[in-house]
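Got the viewer open? Here is a short walk through the model, one selection at a time.

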Amino acid sequence: MVDLADRQNWMATLAKAPLEALESRVCQVADVPEYRFLRSPETGLTMVRGRAGGVGQVFNLGEMTLTRCVVQLLATQPAPLTGFGYVAGRSHRHAELAALCDALLQHDDWHDAVGKKVLEPLGAIAQEKREQQQQQTASTKVDFFTMLRGE
């Protein structure tokens, strides 16, 4: 059984990963089973909502482009596994690969291989990007202080 929090984490990692990195990592996984589309990749809009101050009234911030895809692994027993991919933007391939990885990660035989060859490297890339952004932000930090006037 897949833990909900684990699945949320890997779906976020897959959705936020650069397409080139995701594609190169998925190619390293050997003998990927055949799959079929339950919902071919399609692009649409979704409403992004926010809260004033993070806790206040909900308001509609605006729309963003979203691509989604649903695949089903064909060679899984006892029941076929379904994977979902939702990514920001218009990349059909990105949504397809995210859905494929989601399905593979739910299968006991594929979970460890996809975790090591796809998720861990993508997580490292994301961590490096976060650290780089934090360093850039820290370099522009200004410390304000008040000097006491002697009287």
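Start with Arg39: once neighbours within four places in sequence are set aside, it is in contact (heavy atoms within 4.5 Å) with Arg68, Cys69 and Val70. Arg39 sits in strand E1; helices here are DSSP runs of H or I with at least four residues, strands are runs of E with at least two, and both are numbered from the N terminus. With a relative accessible area of 36%, Arg39 is partly exposed. For that label, buried means under 20% relative accessible area, exposed means over 50%, and partly exposed is in between, using a 1.4 Å probe and protein chains only. Add Gln72 to the selection: Arg39 and Gln72 are 33 residues apart in sequence, and their C-alpha atoms are 9.4 Å apart in space.

A quick word on ground rules. This is a predicted model, in which local features need pLDDT of at least 70, side-chain atom pairs count only at pLDDT 80 or more, and totals for chains, interfaces and linings use all residues. Residues are numbered from 1 along each chain as its sequence is written, and side-chain values use heavy atoms, with hydrogens and water left out.

Next, pick Cys69, one of the contacts of Arg39. Is Cys69 buried or exposed? Its relative accessible area is 0%, so Cys69 counts as buried. Its closest cysteine sulfur belongs to Cys101, 12 Å away, which is too far for a bond. Now try Cys27, which is exposed at 60% relative accessible area. Its closest cysteine sulfur is also in Cys101, at 10 Å, again too far for a bond. How many disulfides does the structure hold? The count is 0, where a disulfide is a pair of cysteine sulfur atoms within 2.5 Å.

Move on to Asp31, in the loop between helix H2 (19-27) and strand E1 (35-51). Check its backbone: phi is near 55°, a positive value in a residue other than glycine. Asp31 is exposed, at 68% relative accessibility.

Then select Ala79, in the loop that joins strand E2 (58-73) and strand E3 (82-88). Ala79 is partly exposed, with 42% relative accessibility. Put a distance label between the C-alpha atoms of Ala79 and Val58: they are 21 residues apart along the chain and separated by 40 Å.

Last single residue: Gln134, in helix H4 (residues 108-139). Gln134 is exposed, with a relative accessible area of 54%. Its C-alpha is 26 Å from that of Arg25, 109 residues away along the chain.

Now zoom out and colour by secondary structure. You should find 4 helices and 3 strands, in the order α-α-β-β-β-α-α along the sequence. The radius of gyration, taken over C-alpha atoms, is 21 Å, well over the 15 Å that the globule rule (2.2 Å times the number of residues to the power 0.38) gives for 151 residues, so the protein is more spread out than a compact globule. Along its principal axes, the C-alpha trace spans about 85 × 35 × 30 Å.

Switch to a surface view to finish. Buried residues make up 28% of the 151 residues. Among contacts with a separation of 6 or more, 59% come from residues 24 or more positions apart.
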